[in-house]
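Here is a guided walk through one protein structure and the ligand it holds. Keep the 3D view open and turn it as you read.

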Amino acid sequence: MNHEIPVYFSNSTFLHKPQVEVHRGDEVMHPDQVGRAESILSALRAHGFDCISVSGQPHGDLLSAVHAPEYLAFLSEASHAIARRPSLDPQIDGGVAAIYPSTFAFTDNRRPRQLEGTIGRYAIDTYTPVMASTYVAARGSVLTAVRGAEHIIAEGGVVYALTRPPGHHAMRDRMGGYCYLNNAAIAAQYFIGHGVLRVSIFDPDLHHGNGIQEYAWHRPDVQYISIHGDPSYCYPFYTGYADEEGEGLGVGTVINYPLRKGTGERTYHRVVRQAVSKIQEFGPDVLIVTAGFDTHKDDPLGTFRLSTGYYRTLAHELDKLDLPTLVVQEGGYNVRSLGFNVVSFLSGFSMK
Ligand code: SP5
Ligand code: ZN
């Protein structure tokens with residue numbers, strides 16, 4: 001077991017308690033439970049990993065390099081407004097005051113004054129509520145990833161950042177898919193700002209990382225490679241098709257591998273090998289892995305059939321690239337297996 005991979009996390013993850021999501025018109029238990037962070041931390045601690053809690057806040061310039069100022073202001077103001085007036089939306093509550101969109105912006109030339117109207121301009125779905133602690137917790141996640149990136153700038157190696165809420169669905173000016181701020185894109189931006197010339201982001205979460213794709217779309221210096229459930233059946237439905245490959249100077253820096261329902265380890269691993277050779281061709285100085293474990297066979301949102309042991313094989317394949325590697329946590333909703341999946345994955349890296 002490799003004990004040399006430092007683990008970063010923020011205690012603000014324990015303040016983030018979405019109660020319900022609105023799925024197909026029903027309120028159902030929110031999959032991004034606090035227990036996810038507890039599962040990961042307790043498994044890592046049991047295996048002797050050094051878990052370092054971060055505090056403070058990420059620099060505002062880092063956030064605004066990836067996100068629109070109006071969107072950041074919305075997250076901040078909405079979180080504060082709910083804290084002041086917890087009964088803002090008594091309809092959908094579950095003990096923790098939260099707001100959800102009921103309408104989505106259908107024109108850009110009006111700015112609603114009510115939060116109830118505004119939220120629909122900054123959201124892509126009904127899965128991602130805003131609560132009093134949303135802005136604090138989302139920035140805690142960003143800081144966790146950025147501290148990991150700092151560590152890599154200083155010492156190289158492999159670092160794990162326990163980012164919850166996750167980030168890969170968060171867009172320049174929209175939240176979605178349980179994500180508010182794009183942790184991995186902001187970490188990539190941090191690397192680029194600190195002398196790194198090229199960054200590859202490899203995204204094996206079950207879902208296509210539409211937010212990272214948007215960030216990488218026009219960029220020649222950031223490669224985004226995702227393996228995910230085919231958007232013809234899988235969230236987020238609108239992006240992740242194989243013909244999406246970036247534009248302008250960024251043509252070819254986006255690579256998507258949509259896979260069918262029920263994909264197992266043999267097919268998956270063949271695609272991983274293709275992805276790794278694309279990373280080699282790009283020749284990055286740093287690798288970011290947005291590690292989601294909702295590809296596990298027992299995941300409640302899952303449609304793939306990967307085993308806990310397979311994540312070690314996956315990491316071993318990435319380890320062959322011999323790159324400084326920042327692992328950023330994304331999805332994975334089976335609280336029983338999640339911690340073991342993370343430990344298995346990290347065990348596949350040998351230290352450099
Ligand atoms: C980061 C990440 O993995 N986000 C995934 C968001 C996908 N959410 C859409 C699917 C919601 C389905 N919830 C139904 C649960 C009933 N078992
Ligand atoms: Zn996911």
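What covers the buried residues of H9? In this predicted model, the cover includes strand E8 (199–203), helix H8 (265–282), E11 and H10. The buried residues themselves are Tyr310, Tyr311, Leu314, Ala315, Glu317, Leu318 and Asp319. Seven of the ten residues of H9 are buried, so the helix is largely enclosed by the rest of the structure. If you look along the list, you may wonder about the spacing. An α-helix has 3.6 residues a turn, so residues three or four places apart point the same way.

Now step back along the chain to Phe304, which sits in the loop between strand E11 (286–291) and helix H9 (310–319). Is Phe304 buried or exposed? Its relative accessibility is 2%, and because buried means under 20%, Phe304 counts as buried. Leaving out neighbours within four places in sequence, Phe304 is in contact with Leu206, His228, Gly229, Tyr233, Leu259, Arg260, Thr263, Tyr268, Thr295, His296 and Lys297. Take Thr263 from that list: it is 41 residues from Phe304 along the chain, yet the two C-alpha atoms are separated by 4.8 Å.

**Another helix to visit**

Helix H1 covers residues 34–46. With 13 residues at 1.5 Å each, H1 should span 18 Å, and its end C-alpha atoms are indeed 18 Å apart, so expectation and model agree. Try colouring its buried residues, which are Val34, Gly35, Arg36, Ala37, Ser39, Ile40, Leu41, Ala43 and Leu44. Their cover includes four strands and a helix from other parts of the chain: strand E1 (7–10), strand E4 (51–54), strand E7 (158–161), strand E12 (325–329) and helix H10 (335–347). After H1 comes Gly48, with a positive phi near 80°.

Leu72 belongs to helix H3 (residues 69–84). With a relative accessibility of 10%, Leu72 counts as buried. Apart from neighbours within four places in sequence, Leu72 is in contact with Leu63, Ser64, His67, Tyr135 and Leu181. Another pairing to look for is Leu72 with Arg172: they are 100 residues apart in sequence, while their C-alpha atoms are 9.5 Å apart in space.

**A polar contact in a loop**

Where is Arg121 found? Look in the loop between helix H4 (115–118) and strand E6 (130–131). The side chain of Arg121 makes a polar contact with the side chain of Asp173, at 2.8 Å. Not counting residues up to four places away in sequence, Arg121 touches Ala105, Asp108, Asp173 and Arg174.

**Around the ligand**

Which residues come nearest to ligand 1? Of the 14 residues around it, they are Glu21, Gly177, Tyr178, Asp294 and Tyr333. The shell as a whole divides into five nonpolar, six polar and three charged residues. Three side chains each bring a polar atom to the ligand, as the table shows.

| Residue | Ligand 1 atom | Distance |
|---|---|---|
| Glu21 | nitrogen | 2.5 Å |
| Tyr178 | nitrogen | 3.1 Å |
| Asp294 | oxygen | 3.0 Å |

On its own, ligand 1 has 500 Å² of accessible area, and the protein covers 81% of that.

**Unusual backbone angles**

Most residues other than glycine have a negative phi, and most peptide bonds are trans. With that in mind, come back to Tyr178, which lies in the loop between E7 and H6. Tyr178 is not a glycine, but its phi is positive, about 75°. Tyr178 is also buried, with a relative accessible area of 7%.

Arg24 has a positive phi as well, near 55°. Arg24 sits in the loop between strand E2 (20–23) and strand E3 (26–29). Its relative accessible area is 78%, so Arg24 is exposed.

Finally, find two cis peptide bonds. One runs from Arg164 to Pro165, with omega near 5°, and Pro165 lies in the loop between E7 and helix H6 (183–193). Another runs from Tyr235 to Pro236, also with omega near 5°. Pro236 is in the loop between strand E9 (222–229) and strand E10 (254–259).

Notes. Residues are numbered from 1 along each chain as its sequence is written. Chains are lettered from A and ligands numbered from 1 in the order in which they are written. This is a predicted model: local features need pLDDT of at least 70, side-chain atom pairs count only at pLDDT 80 or more; totals for chains, interfaces and linings use all residues. Side-chain values use heavy atoms; hydrogens and water are left out. A residue is near a molecule or strand if one of its heavy atoms lies within 4 Å of it. A polar contact is a pair of N or O atoms within 3.5 Å; within protein, one must be able to donate a hydrogen and the other to accept it, and residues adjacent in sequence count only if both atoms are side-chain atoms. Accessible areas come from the Shrake-Rupley method with a 1.4 Å probe; for residues, only the protein chains shown count as cover. Ala, Val, Leu, Ile, Met, Phe, Trp, Tyr, Cys and Pro count as nonpolar, Asp, Glu, Lys and Arg as charged, and the others, Gly among them, as polar. Helices (H or I, at least four residues) and strands (E, at least two) are DSSP runs, numbered from the N terminus. The expected span of a helix is 1.5 Å times one less than its number of residues. Buried means under 20% relative accessible area, exposed over 50%, partly exposed in between (1.4 Å probe, protein chains only). Contact means heavy atoms within 4.5 Å.
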